[in-house]
Amino acid sequence: MPIAVAAHRALYVQRVAARVLIVSASIGEGHDLPARVLADELGRRGATAEVIDGLEAAGRLATALAAGSSNFDSNLGNAFFDLGHRFVAEWRPTHRVAARLIRAIGRRGLLAAIARARPDVIVSTYPGATEILGDLRQRGRLAVPVLSAITDLASLRFWAHPGVDEHLTIHPESAAEVRAVAGPGAAVVAVHGLTGPGFRAPLAPAAARAALGLPPAGRLVVVSGGGWAVGDLGTAVDEALVAGARVVVLCGRRDEVRERLAARYAGRGDVQVWGFTERMPELLSAADVLVHSTAGLTMLEAMMCGCRPISFGWGQGHIRANNRAYARFGLADVAPDRAALAAALAAGVSGRRPEPWQPDLPEAADRVLAQVASGWRA
């Protein structure tokens, strides 16, 4: 049933703090991390923020489909993921079919979760949920504002929607694609506040290395496969070593990948193999170069710390589109093969460290609460 506008206005008058529902998805840190950061920032402003798993709310079928598209342990799994992305997000006829299917599968469960939470505003950090929420808002079935927190640079067909009240992007360069999807009048605001606060005031490299117990001298390369630990991490480590750098390789939450790489580089003092870490601000402040496989927030975090980002090692699905955009906007080096990676690393470890990228942008939490203050649209 539609959420009543009058009831929500009455609730807002009675409450001092706004209630914010953040819809994420537990399929990698790219959705959950910005949801957690945003919830913390909203809490500091006196709001009550609840984070839910949008796939879990949508039901078992949605969860199973998402899990089935996230098998990256084989060439076949990677090919299936890439084909699935083309089917869902790139080819227009099949995109329309996929969008209708996503809405049909997830609409009822998300509406039930919203009814339980009784939010004043909803934020989505997961594009599948954004498609459903934008459609519900556009059809008048949601009486509270919906915002999309977009943590990719490109491939935004599900991240953006005409029914979304405001699109929050991590890159100003994303605005044109958002409006191409959501319409020329779509509200788009580039923001801070979807990355941890440590990235806003990065340590000097020497201080960061000291804080992490890393050697103060020599070049440092971080190799990352994201929360899924995907891509050709071994080649990235090997080429960084050839370039004369010390390496920290991050394996996310994939213990089997961490164990395999730890065995491969056992006994080497110039390679450290880490799992998931909360110390990315210090690590990227300490490093000269990041080699990363899954685009998204980690590439931005490197820029914010003055660490040179290189995209290498996977290039499937939405990463392919992000790589084209990185190259088009000159935001990062893109290495399609080992030779290109070697050249990019040689330049990165021998060249001057870039300045941290810290533009003057509004805070995501403030934009969310501004939507509450602006009232509700029927």
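Strands are DSSP runs of E of at least two residues, numbered from the N terminus. The model examined here is predicted. In this numbering, Ser-155 falls in the loop between β4 (146–150) and β5 (166–169). Its phi is near 60°, a positive value in a residue other than glycine. Ser-155 has 17% relative accessibility and therefore counts as buried, the cut-off being under 20%.

Ala-295 also has a positive phi, about 60°, although it is not a glycine. This residue is located in the loop between β10 (289–292) and α13. Its relative accessibility is 3%, so Ala-295 counts as buried. A further positive phi, of about 90°, is taken by Gly-46, just after α2.

Helix α2 covers residues 29–44. Its 16 residues should span 22 Å at 1.5 Å a residue, and the end C-alpha atoms are 22 Å apart, so expectation and model agree. The buried residues of α2 include the charged or polar positions Glu-29, His-31, Asp-32 and Glu-41. Also buried in α2 are Pro-34, Ala-35, Val-37, Leu-38, Ala-39 and Leu-42. The partners of this buried set include three strands, β1 (19–24), β2 (48–53) and β3 (121–124). Helices α7 (127–138), α13 (297–305) and α16 (364–373) also pack against the buried residues of α2.

In soluble globular proteins, nonpolar side chains tend to be buried together. The largest nonpolar core in the model holds 54 residues. Leu-38, Leu-283 and Val-368 touch the most other members. Helix α13 gives the most to this core, with seven residues. A second, separate core has 25 residues, among them Leu-233, Val-247, Leu-261 and Tyr-265.

Val-368 can be followed contact by contact. Beyond four places in sequence, Val-368 touches Leu-38 and Leu-42, both buried residues of α2. The other contacts of Val-368 in that range are Val-20, Val-121, Val-123, Leu-147 and Leu-168.

Arg-209 lies in helix α9 (residues 205–212). With a relative accessibility of 7%, Arg-209 counts as buried, because the cut-off is under 20%. A polar atom of the Arg-209 side chain lies 3.1 Å from the backbone oxygen of Ala-286. Ala-286 is also listed among the residues that Arg-209 touches more than four places away in sequence, as is Asp-288. The remaining contacts of Arg-209 in that range are Leu-214, Pro-215, Pro-216, Ala-217, Gly-218, Arg-219 and Leu-220.

Definitions and conventions
Residues numbered from 1 in each chain as written. Predicted model: local features only at pLDDT ≥ 70, side-chain atom pairs only at ≥ 80, totals over all residues. Heavy atoms only, no water. Helix = DSSP H or I, 4+ residues; strand = E, 2+ residues; numbered from the N terminus. Expected span 1.5 Å × (residues − 1). Buried < 20%, exposed > 50% of the residue type's maximum accessible area, 1.4 Å probe, protein only. Contact = heavy atoms within 4.5 Å. Polar contact = N/O pair within 3.5 Å; in protein donor to acceptor, adjacent residues only side chain to side chain. Core = buried A, V, L, I, M, F, W, Y, C linked by side-chain atoms within 4.5 Å.
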